[in-house]
Amino acid sequence: MTLTRPLAALSLVAASALVLAGCSSTSGAEANADGDAETMPFTFEYNTAGEDEEPAYEEVTVDVPLAPENVVIFDMASLDTWGALGGEVQGAPLDSVPDYLQGYLADDAINAGSLFEADLLEVEAAQPDLIIVGGRSAALYEDLSEIAPTVDLSSSGSFEDTLERNVTFLGEVLGAEDEAAAALETLEAGIAEAREVTTGIGTGLSVMVSGDSVSALKPSEGDYSGRNLRGGIVYDVFGVEPVISDIEEATHGEPVSFEFLLETDPDYLFVTDRNAATGEEGAEAAEVVLDNEIVHETTAWQNDQIVYLDPMAWYIVFGGIDTTQIMIDNILSIGA
């Protein structure tokens, strides 16, 4: 199994990691053209391809205002980190903000649309200093960049690479470099502790329950495209030994039967409840879907080793300071 580099190594070469991940910030602020604000150049690779096309990346550099007071954020992981570092969010897709991140919204925060469609009139009327997109909302970049400086903080490289890059960058923008470094150090230690817990627990299988169906998620094996990055976190970041790695790549994993769970029979089953994450109407909870005679025969069920992961953290956000701590705590619960 291929493992990503630990955060400890990244922290020693933070500047290099930014460049190697395809995104970089340049130290040293500079005045903008009007001379009335300090900015910091930030370079990232933006995917210009359509939804069903092969990725085609274009390098983009944006002059990002420092200490902006009016920020609209579409990417939930960035909203998480922005708030955790002391920033306040003036606009976001309000219906998509998890309860545990609601405290980072301004009292009069605007509803900027959804993760997939921006309310351009509402955003423009808010006159933001900075807009942040990423992941599901990355396709909104071109339209939003016409309103205000916009950066795309989509995943680039491994989970740890992206976390390091984004926390460091947002800390620089907020003037909270020390807080960002401390947060990364805490998360690094937490991931290391979680990996100690998963050492020796046997095999595991990460699955997603959607509707009444189950899909198996695969290790990334070095392929950090969005779907593999999210699905492989249990293995790649937290060191769980996959009971099987020959799983087809798909947005929501490879559909599998309950018999498959019994045949592979992992020691631990890690479950992401997409039904709960998306609030799918009429869908049963993952616990109900998996409560059947076939699953009852598995080692994971009989030994009470089915771990239900926080659905908002693992499916909707899967990044950011607070969310990564939630993910760490989910894995640490094995040893509780």
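This is a tour of a predicted model, going from the whole chain to selected helices and then to single residues.

**Whole chain**

Start with the full chain in cartoon view. Its secondary structure consists of 16 helices and 15 strands. The chain has 336 residues, and 51% of them are buried. Colour the surface by element next: the accessible surface is about 15,100 Å², and carbon and sulfur atoms account for 44% of it. If you draw contacts between residues at least 6 apart in sequence, 59% of them join residues at least 24 apart.

**Helix α3**

Select residues 76-84, which form helix α3. How many of its nine residues are buried? Eight are, so the helix is mostly covered. Show the side chains of Met76, Ala77, Ser78, Leu79, Asp80, Thr81, Trp82 and Gly83 to see the buried residues of α3. Then step past the end of the helix to Gly86, which follows α3 and has a positive phi, near 105 degrees.

**From α3 to α6**

Keep α3 on screen and add helix α6, residues 159-174. Packed helices are described by the angle between their axes and the distance between those axes. For α3 and α6, the axes come within 10 Å and cross at roughly 50 degrees. That angle makes α3 oblique to α6. The crossing of the two helices is right-handed. To see the contact, select Ser78, Thr81 and Trp82 on the α3 side, and Val167, Leu170, Val173 and Leu174 on the α6 side. By class, the residues of this contact are five nonpolar and two polar, with no charged residue. Ser78, Thr81 and Trp82 also belong to the buried residues of α3.

**From α6 to α7**

Hide α3, keep α6, and add helix α7, residues 177-198. Here the packing angle is about 155 degrees, and the axes lie 7 Å apart. Angles over 145 degrees count as roughly antiparallel, and α6 and α7 are therefore roughly antiparallel to each other. The crossing of α6 past α7 is right-handed. On α6, select Leu163, Glu164, Val167, Thr168, Gly171 and Glu172; on α7, select Glu177, Ala180, Leu184 and Leu187. These residues make the contact. They divide into five nonpolar, two polar and three charged residues. Val167 of α6 takes part here, and Val167 is also in the contact with α3. While the helices are on screen, the spacing of the selected residues can be read against the helical repeat: an α-helix has 3.6 residues a turn, so residues three or four places apart point the same way.

**Tyr46 and its surroundings**

Move to strand β3, residues 38-47, and select Tyr46 within it. Is Tyr46 buried or exposed? It is buried, because its relative accessible area is 7%, and the cut-off for buried is under 20%. Leaving out residues up to four places away in sequence, Tyr46 touches Ala56, Tyr57, Glu58, Val60, Ala138, Ala139, Tyr141, Glu142 and Asp152. Put a distance on the pair Tyr46 and Ala138: they are 92 residues apart in sequence, and their C-alpha atoms are 8.2 Å apart.

**Ser145**

Select helix α5, residues 141-145, and pick out Ser145. Ser145 has 30% relative accessibility and so counts as partly exposed. Add Ile131, which is 14 residues from Ser145 in sequence and 7.8 Å from it, C-alpha to C-alpha.

**Gln90**

Go next to strand β6, residues 89-92, where Gln90 is found. Gln90 has a relative accessible area of 18% and is therefore buried. Apart from neighbours within four places in sequence, its contacts are Glu69, Asn70, Val71, Ala106, Asp108, Ala109 and Ile110.

**Two loop residues with positive phi**

Most residues other than glycine have a negative phi. The last two stops have a positive one.

Select Ala67 in the loop between β4 (57-65) and β5 (71-73). Its phi is positive, about 50 degrees, although Ala67 is not a glycine.

Finish at Asp304, in the loop between α14 (299-302) and β15 (306-309). Asp304 is not a glycine either, and its phi is positive at about 55 degrees. Where does Asp304 stand, buried or exposed? With 70% relative accessibility, Asp304 counts as exposed.

Notes
Residues numbered from 1 in each chain as written. Predicted model: local features only at pLDDT ≥ 70, side-chain atom pairs only at ≥ 80, totals over all residues. Heavy atoms only, no water. Helix = DSSP H or I, 4+ residues; strand = E, 2+ residues; numbered from the N terminus. Buried < 20%, exposed > 50% of the residue type's maximum accessible area, 1.4 Å probe, protein only. Contact = heavy atoms within 4.5 Å. Areas by Shrake-Rupley, 256 points an atom, 1.4 Å probe, with all protein chains shown as cover. Axes fitted to C-alpha atoms, helices over the stretch in contact; angles between N-to-C directions. Parallel < 35°, antiparallel > 145°, perpendicular 65-115°, else oblique. Left-handed = near helix turned anticlockwise from the far one by under 90°. Nonpolar A, V, L, I, M, F, W, Y, C, P; charged D, E, K, R; others polar.
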